[in-house]
Amino acid sequence: MTTRLETLNLGEFEFREEDVILFVRGIPGLENLRRFILAEGERYAPLAFLQSVENSAISLPVLDPTLIWKDYSAEIPEEERRRLQLEDRSEALVFCVVTMAEEAARTTVNLFAPLVVNPSRKLAVQIMLAGSRYRIDQPLVESAPCSSSREKPEKV
Amino acid sequence: MLVFTRKAGESLIIGDRVEVKVLSLDRDQVRIGISAPREIAVHRHEVFEEISRQNQAAVRAPIPSGDLLSRLKKTRR
């Protein structure tokens with residue numbers, strides 16, 4: 001059975017209930033929304049959108065970070081794997097939130113807090129790569145090396 | 001909010017597995033040590049707020065222009 005959704009940004013589309021991805025903790029800043037559809041299409045590629053099925057006006061632009069940063073790696077903490085019922089790390093889909101700007105040069109990607117999806121269970125979380133050097137606002141186009149002035153918490 | 005007064009070296013226990021210890025004091029800064037099981041995430045509050053703001057900004061941002069997409073497609077290998 002499919003449900004039809006008239007969205008603000010992506011036009012009208014249909015989705016199946018079994019394709020709905022559940023953000024088990026919500027998404028910071030969008031806590032009241034948990035159910036999203038991953039909308040991928042040639043029209044927006046290489047971007048994709050997480051379209052809320054609870055609020056048709058909300059869609060979050062995302063990107064597979066390894067398309068641009070080849071060495072990008074997100075270590076998924078054990079407790080998050082459990083939360084996602086993720087048995088095999090290689091099954092996980094990793095996306096980063098893109099904050100678009102009219103000027104391409106001001107568009108940024110949040111490499112610090114990737115979205116991790118278990119595609120078979122349709123469960124997702126936004127994790128924080130604490131202690132990493134990835135930035136919350138990495139410029140997208142000038143693929144500058146990642147650096148951050150963020151102070152790293154020390155382990156004692 | 002529960003409020004405690006602690007001296008350097010003293011600590012609090014939250015539940016039976018999380019310990020919050022005041023390590024040292026220096027004018028307007030406090031060093032705090034946290035011992036917690038791995039499954040409990042500990043982050044600076046401002047980092048969480050920054051991610052919330054970024055997510056909200058991403059939702060409000062305009063749909064990409066052809067210019068950005070074409071530059072992205074060139075980047076893609």
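Q: What makes the meeting of the A:Glu78 and A:Arg82 side chains a salt bridge?
A: The term asks for a side-chain nitrogen of Lys or Arg within 4 Å of a carboxyl oxygen of Asp or Glu. Here N to O is 4.0 Å, so the pair counts. Both residues lie in helix 1 of chain A, four residues apart, about one turn of the helix (helices are DSSP runs of H or I, at least four residues, and strands runs of E, at least two, numbered from the N terminus). This is a predicted model, in which local features need pLDDT of at least 70, side-chain atom pairs count only at pLDDT 80 or more, and totals for chains, interfaces and linings use all residues; side-chain values use heavy atoms, leaving out hydrogens and water. Residues are numbered from 1 along each chain as its sequence is written, while chains are lettered from A and ligands numbered from 1 in the order in which they are written.

Q: What does the salt bridge between A:Glu80 and A:Arg25 tie together?
A: The two side chains meet at 3.1 Å, N to O. A:Glu80 sits in helix 1 (residues 78-84) of chain A and A:Arg25 in the loop between strand 3 (21-23) and strand 4 (35-40), so the pair ties together parts that are 55 residues apart in sequence.

Q: Why is A:Glu80 called buried or exposed?
A: Buried means under 20% relative accessible area, exposed over 50% and partly exposed in between (1.4 Å probe, protein chains only). A:Glu80 comes in at 7%, so buried it is. Its partner A:Arg25 has 38%, hence partly exposed.

Q: How do you know that strand 9 and strand 10 of chain A pair?
A: Pairing takes at least two DSSP bridges between two strands. These two have four, running antiparallel, so they qualify. A:Val116, for one, has A:Val125 as its bridge partner. Strand 9 (residues 115-118) is also joined to strand 7 (residues 93-99) by three bridges, again antiparallel, with A:Leu93 standing opposite A:Val117.

Q: What makes both faces of strand 9 of chain A count as covered?
A: A:Leu115 and A:Val117 on one side, and A:Val116 and A:Asn118 on the other, are all buried.

Q: What makes the phi of A:Lys122 worth a look?
A: Most residues other than glycine have a negative phi. A:Lys122 isn't a glycine, yet its phi is positive, about 60 degrees. You'll find A:Lys122 in the turn of the hairpin that strands 9 and 10 form, with four residues between them. With a relative accessible area of 24%, A:Lys122 is partly exposed. Over in chain B, B:Arg27 has a positive phi near 45 degrees, sits in the loop between strand 2 and strand 3 and counts as exposed at 87%.

Q: Why is the space lined by A:Phe49 and B:Ile63, among others, called a cavity?
A: On a 1 Å grid over the protein atoms alone, a cavity is a set of points where a 1.4 Å probe fits but cannot get out, and lining residues have an atom within 4 Å of a point. The structure holds one such cavity of 30 Å³ or more, with about 40 Å³ of space. Strand 6 (59-63) of chain A and helix 1 (45-60) of chain B each supply at least two lining residues. The lining divides into eight nonpolar, two polar and no charged residues.

Methods. 1 Å grid on protein atoms, 1.4 Å probe; cavity = no way out; pocket = protein on both sides within 12 Å on 5 of 7 lines; lining within 4 Å. Points joined across faces, edges and corners; volume = space filled by probe spheres on them. Nonpolar A, V, L, I, M, F, W, Y, C, P; charged D, E, K, R; others polar.
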